[in-house]
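Dear colleague,

I am handing over the structure below, and after it I have written out what was found. Please keep it open while you read, so that each residue can be looked up as it comes.

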Amino acid sequence: MGRGKFKGKPTGRRQFSTPEEMLAGTSARPRTFRQEVAEEEVELEEESEEESDDETEKKKSTQGGIEIENPNLVKPKNVKARQVDLEKTPELSRREREEIEKQKAHERFMRLQEQGKTEQSKKDLERLAMIRQQRADAAQKREEEKAAKEHKKSEARK
């Protein structure tokens, strides 16, 4: 049977065993794998029996013994909700502390700026007052000039 231009790799083909082959024991699965699985099951059964015998003996002989733990073992820190101290605040890093202080200083400065207590705000208010005065003077001058123009026009008509 022709496969076309591209052919699969000979190592890439998978061989699936049918249920009949599995029942007959002639599947393509390697026999060593079956033997390893069987050996592991036997070992697990033997170990579980030995452990149950050893546990009763250990409890009798090592009741006051020293338990040795691995100091390099990192234990997961599970903190329960009732163990958490709500009053205790976490230590902040230097950068976090500086950032918070910077924000508070900026807020304090802006509050004083709004109240007009800083030097910069005082200068700004003085400049604003001067500009308002100049604009008022200019508006008054324009009104006077306009009134003078109208007065000249009215005199010219007469």
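Let me begin with Met-110, which counts as partly exposed because its relative accessibility is 37%, a value that falls between the limits of under 20% for buried and over 50% for exposed. Please bear in mind that this is a predicted model. Met-110 is found in helix H3, and its C-alpha lies 9.9 Å in space from the C-alpha of Ser-121, with the two residues 11 apart in sequence.

That brings us to Ser-121, which has its place in helix H4, the helix made of residues 119–157. Is Ser-121 buried or exposed? Its relative accessibility is 4%, and therefore Ser-121 counts as buried. If residues up to four places away in sequence are left aside, Ser-121 touches Leu-112, Gln-113 and Gly-116.

It may help to set these two residues within the whole protein. The protein has 4 helices and 0 strands, so that, read from the N terminus on, its elements run α-α-α-α. Of its 158 residues, 3% count as buried. The protein exposes about 16800 Å², and 51% of this area is supplied by carbon and sulfur atoms.

Next come the charged side chains. In general, side chains of opposite charge can pair when their charged atoms come close. How many salt bridges does the structure hold? There are 2 salt bridges in the structure, and I shall take them in turn.

One salt bridge joins the side chains of Arg-94 and Glu-98, at 3.3 Å from N to O. Both Arg-94 and Glu-98 lie in helix H3, which covers residues 94–115, and they are 4 residues apart, or about one turn of the helix. Glu-98 counts as partly exposed, because its relative accessibility is 42%.

Another salt bridge is formed by Asp-124 with Arg-127, whose closest N and O atoms are 3.1 Å apart. Asp-124 and Arg-127 are separated by about one helical turn, because they are 3 residues apart in helix H4. With a relative accessible area of 30%, Asp-124 is partly exposed, and Arg-127 is likewise partly exposed, with a relative accessible area of 48%.

Finally, there is a group of negative charges to look at. Which residues gather in a patch of negative charge on the surface? They are Glu-39, Glu-40, Glu-41, Glu-43, Glu-45, Glu-46 and Glu-47. Among them, Glu-39 has its place in helix H2, which is made of residues 31–61.

When you go through the model yourself, you might start from Ser-121 and its contacts with Leu-112, Gln-113 and Gly-116, and then turn to the salt bridge between Asp-124 and Arg-127.

With best wishes

Note on methods
Residues numbered from 1 in each chain as written. Predicted model: local features only at pLDDT ≥ 70, side-chain atom pairs only at ≥ 80, totals over all residues. Heavy atoms only, no water. Helix = DSSP H or I, 4+ residues; strand = E, 2+ residues; numbered from the N terminus. Buried < 20%, exposed > 50% of the residue type's maximum accessible area, 1.4 Å probe, protein only. Contact = heavy atoms within 4.5 Å. Patch = residues over 30% accessible without salt bridge, like charges linked within 9 Å, V, L, I, M, F, W, Y side chains within 5 Å. Areas by Shrake-Rupley, 256 points an atom, 1.4 Å probe, with all protein chains shown as cover. Salt bridge = Lys/Arg side-chain N within 4 Å of Asp/Glu carboxyl O. Lys, Arg positive; Asp, Glu negative; His and termini not counted. Charge placed at Lys NZ, Arg CZ, Asp CG, Glu CD.
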